[in-house]
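Student: I have a model open on my screen and would like to learn how to read it. Could you walk me through a few features?

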Amino acid sequence: MEAQRVPHESCGPDSWDVVRKAICSAYFFNAARLKGVGEYVNMLSAIPCNLHPSSSLFGLGYTPDHVIYHELVMTSREYMKCTTAVDGEWLAELGPMFFSIKQSYKDRVAKRKRERTETDLMDAEFKDRQRLAALEDKVAQRGQSPAGSNPTARLSLRTGGSATTATTT
């Protein structure tokens with residue numbers, strides 16, 4: 001970097017996460033998910049594989065849920081070499097055409113309920129706006145203000161959970 005006059009910059013305290021995420025972006029097709037005790041399965045081809053004994057993750061003391069590997073070596077078993085641990089969310093973010101995050105049943109039900117509530121609120125707002133437009137049309141045809149002698153009328157509209165006041169003249 002000095003020979004090319006490229007400045008040295010630190011990634012900060014999360015520098016290892018940045019490097020692992022960059023590796024994940026290049027090797028997401030070589031992603032494996034933990035299947036059992038020390039056994040992984042490739043997420044795209046469903047090939048069972050294990051951490052190679054020379055891998056730094058092999059004697060780590062815990063097994064990460066998701067790993068990325070560079071190559072597979074076939075001996076008595078299929079072994080992953082040059083591995084690094086990654087987050088499952090990174091795979092869904094960097095390879096959305098292959099991976100997605102599965103939602104629990106409770107999350108899906110809560111999302112549908114939220115969407116129905118939002119739809120009902122939007123329908124109510126639409127109907128309020130239609131009534132307001134019809135009222136304005138009647139007022140324009142008669143040439144008078146909607147509140148009789150008061151030139152400004154206040155109507156309450158619902159917009160996304162909060163009530164706002166609209167002034168019409």
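**Reading backbone angles and charge pairs**

Tutor: Let us start with Cys-82, which is exposed, having a relative accessible area of 55%. Here buried means under 20% relative accessible area, exposed over 50%, and partly exposed in between (1.4 Å probe, protein chains only). Before we go on, note that this is a predicted model, where local features need pLDDT of at least 70, side-chain atom pairs count only at pLDDT 80 or more, and totals for chains, interfaces and linings use all residues. Residues are numbered from 1 along each chain as its sequence is written, and side-chain values use heavy atoms, with hydrogens and water left out.

Student: What is the sign of phi at Cys-82, and where does this residue lie?

Tutor: The general idea is that most residues other than glycine have a negative phi. Cys-82 is not a glycine, yet its phi is positive, about 55 degrees. Its place is the loop between strand S6 (78–81) and strand S7 (84–86). Helices (H or I, at least four residues) and strands (E, at least two) are DSSP runs, numbered from the N terminus.

Student: And what about Ala-46?

Tutor: Ala-46, also not a glycine, has a positive phi of about 60 degrees. It sits in the loop between strand S2 (39–42) and strand S3 (48–51), and it is exposed at 53% relative accessible area.

Student: Now the charges: how many salt bridges does the structure hold?

Tutor: Side chains of opposite charge can pair when their charged atoms come close. By the rule used here, a salt bridge is a side-chain nitrogen of Lys or Arg within 4 Å of a carboxyl oxygen of Asp or Glu. The structure holds four of them. One joins Arg-20 and Asp-17, with 2.6 Å from N to O.

Student: Why can Arg-20 and Asp-17 be partners?

Tutor: Look at their spacing: they are three residues apart in helix H1 (residues 15–27), so about one helical turn separates them. Asp-17 is partly exposed, at 33%.

Student: Which salt bridges could I look at in helix H3?

Tutor: Try Glu-125 and Arg-129, whose closest N and O atoms are 2.7 Å apart. They are four residues apart in helix H3 (residues 105–142), again about one helical turn. Glu-125 is buried at 16%, whereas Arg-129 is partly exposed at 46%. Then find Arg-131 and Asp-128, bridged at 3.0 Å from N to O. Both lie in helix H3, three residues apart. Arg-131 is exposed at 55%, while Asp-128 is buried at 19%.
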